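Q: I'm new to this structure and would like a close look at one part of it. Could you pick a good starting place and then lead me outward from there?

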Amino acid sequence: MWYSNIGIIYFTFCQYPFVLSVNAKRTILKRDSEQQMILNARRSMIEKFQSRQSPNLNMLFLNLYIRRAHLVADSLAEVTKKRADLKKKLRVTFVGEHGLDMGGLTKEWFLLLLRQIFQPDYGMFVFYESSGIFWFNGASTDNIPEFNLVGVLMGLAVYNAIILDIRFPLACYKKLLTPAFLHEPVINISKIKVGMIKPTMADFRTIRPDIATSLQYLLEYDGNVEEDFGLTFEVSVAQFDATLVYSLKTNGSEINVTNDNRIEYVDLLIDFYLNKHISQQFEAFYYGFHSVCSSNALLLLVPEELEMLICGMQQCNLSNLAKITKYENCHPNENFIKWFWQVVEEMSSEKQRRLLLFVTGSDRMPIGGLSEMTFKIAKVSSNRCKVNELLPMSHTCFNQLLLPPYPTREILKEKLLLAIENCEGFGIE
């Protein structure tokens, strides 16, 4: 225990997080999450006994019941209704489908929900082609509960050790750790400033490299800035079908940008984009995240490590996957297994990511790489049809690939690519 209010000082390496590896910090965060899950489950059981109600297994979990056709609405309603259970083990059920969530359905729920929320048409986040990342849409003022939901999702991912495919810049994780820990429960905190960082040009360049280049040119310009650029302390922002103009400081429309005040102009402009313009949206996002992940363990992390915990490793190279694979009802020397690894070696990085998603429910590798993964291949056959008519299947809960013993390499490749490109839910979509 590295944080105490009673004034007793204990030595622990957690007091010196710079000596801990990201794997060690991940383990500490995982143990802390497990302890909180046990405490919350125990509290629910005691409450049942005190009210003389029969305990049941469901009370130990955060149970979410989701209809695929109403993914966002149902997720928002379930999370809102079950706020008190957010620190229990997550379990997802898709209504109308027969599937017991041993981890695979949870991964799929995260994947599908985030994919829908980050659609450009949804209007919550803006994708910038120049940087390849998403950023908060300051014009989206009607979706504040959904921003809170995205924060809850990221918190649940960390809390339940799920890797997400989210393209946020490092500045987002800096803001999430400002402050890193709230000493009061989130529900008891009135409005306080959260996520307000002192942004730098480097932070801004990761989001809008095009504007950052222009601002750098302005700072280095040798001529008369006031006459040649004609700028004032204002910024124009496109919001749907209109363009709105915001003042960067009081009476900004009447203050010209000059050689003397251009540094102030650039600082205010960057602060506008990274803090002020999205303050309402990010505040909801921040409180959503910390409603689940409010933990002393976050004090150990720097922004780069928090990003790795949430997103895993982006590099996907499965060339050494065969070395850690376990086989059931088959042997690595069988022809169809050899052909499988040959096909995997020939796959592009994108196809390998699809295979990883098909088998594990996530297209990212954990922080420790392949050495942290389990991967199983089992031979499967059927008495109802020929082997050539079967498709590969998977148990994402157990990272298990069910592979039919196809008679030729060409058939195996065709069936495998068909399966990984068309997988969603329990069956082929």
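A: Let's begin with a charge and a ring: Arg 91 sits over the face of Phe 61, 4.2 Å from the ring centre. For this label, NZ of Lys or CZ of Arg must be within 6 Å of the ring centre and within 35 degrees of the ring normal. Arg 68 does likewise with Phe 94, lying over the face of that ring at 4.0 Å from its centre.

A word on what you are looking at: this is a predicted model, in which local features need pLDDT of at least 70 and side-chain atom pairs count only at pLDDT 80 or more, while totals for chains, interfaces and linings use all residues. Residues are numbered from 1 along each chain as its sequence is written, and side-chain values use heavy atoms, with hydrogens and water left out.

Now for the strands around this spot. Strand β1 spans residues 61-66 and strand β2 residues 89-94, and the two pair in the parallel sense over six bridges. Pairing here requires at least two bridges found by DSSP; helices (H or I, at least four residues) and strands (E, at least two) are DSSP runs, numbered from the N terminus. Within this pairing, Leu 64 stands opposite Val 92 of β2. Between the two strands the chain passes through helix α2 (residues 71-81), making a right-handed β-α-β crossover. Right-handed means that, with the strands pointing away from the viewer, the path from the first strand over the helix to the second runs clockwise.

Back to charges for a moment. The whole structure contains 15 salt bridges, each a side-chain nitrogen of Lys or Arg within 4 Å of a carboxyl oxygen of Asp or Glu. One of them joins Lys 174 to Asp 203, with the closest N and O atoms 2.8 Å apart. Because Lys 174 belongs to helix α5 (residues 170-176) and Asp 203 to helix α6 (residues 201-205), this bridge ties together parts that are 29 residues apart in sequence. Asp 203 has a relative accessible area of 7%, so this residue is buried, whereas Lys 174, at 27%, is partly exposed. The cut-offs are simple: buried is under 20% relative accessible area, exposed is over 50%, and partly exposed lies in between (1.4 Å probe, protein chains only).

Another salt bridge links Arg 409 and Glu 346, at 2.3 Å from N to O. Distant parts of the chain meet here, with Arg 409 in helix α15 (residues 409-421) and Glu 346 in helix α13, 63 residues apart. Arg 68, which we met over Phe 94, also returns: salt bridges with shared partners join Arg 68, Glu 97 and Glu 108 into one network.

Rings also meet other rings. The structure holds 25 aromatic pairs; rings of Phe, Tyr and Trp (its six-membered ring) pair if their centres lie within 6.5 Å, and planes under 30 degrees apart count as stacked, over 60 as edge-to-face and the rest as tilted. Phe 118 and Phe 134 are an edge-to-face example, 5.0 Å from centre to centre with 70° between the planes. Since Phe 118 is in the loop between α3 (104-117) and β3 (125-128) and Phe 134 in strand β4 (residues 133-136), the pair ties together parts 16 residues apart in sequence. Both Phe 118 and Phe 134 are buried. They belong to one aromatic cluster, whose members include Phe 127, Trp 135, Phe 147 and Phe 285.

Tyr 221 and Phe 229 also make an edge-to-face pair, because their ring centres are 5.0 Å apart and their planes stand at 90°. Phe 229 counts as partly exposed, as its relative accessibility is 28%.

A smaller detail follows β4. Asn 143 is placed in the loop between β4 and α4 (144-159), and at 16% relative accessibility Asn 143 counts as buried. Its side chain joins that of Ser 140 through a polar contact of 2.9 Å. Such a contact is a pair of N or O atoms within 3.5 Å; within protein, one must be able to donate a hydrogen and the other to accept it, and residues adjacent in sequence count only if both atoms are side-chain atoms.

Finally, step back to the whole protein. It has 15 helices and 10 strands, and 48% of its 429 residues count as buried. Along the principal axes, the C-alpha trace spans about 80 × 60 × 45 Å.
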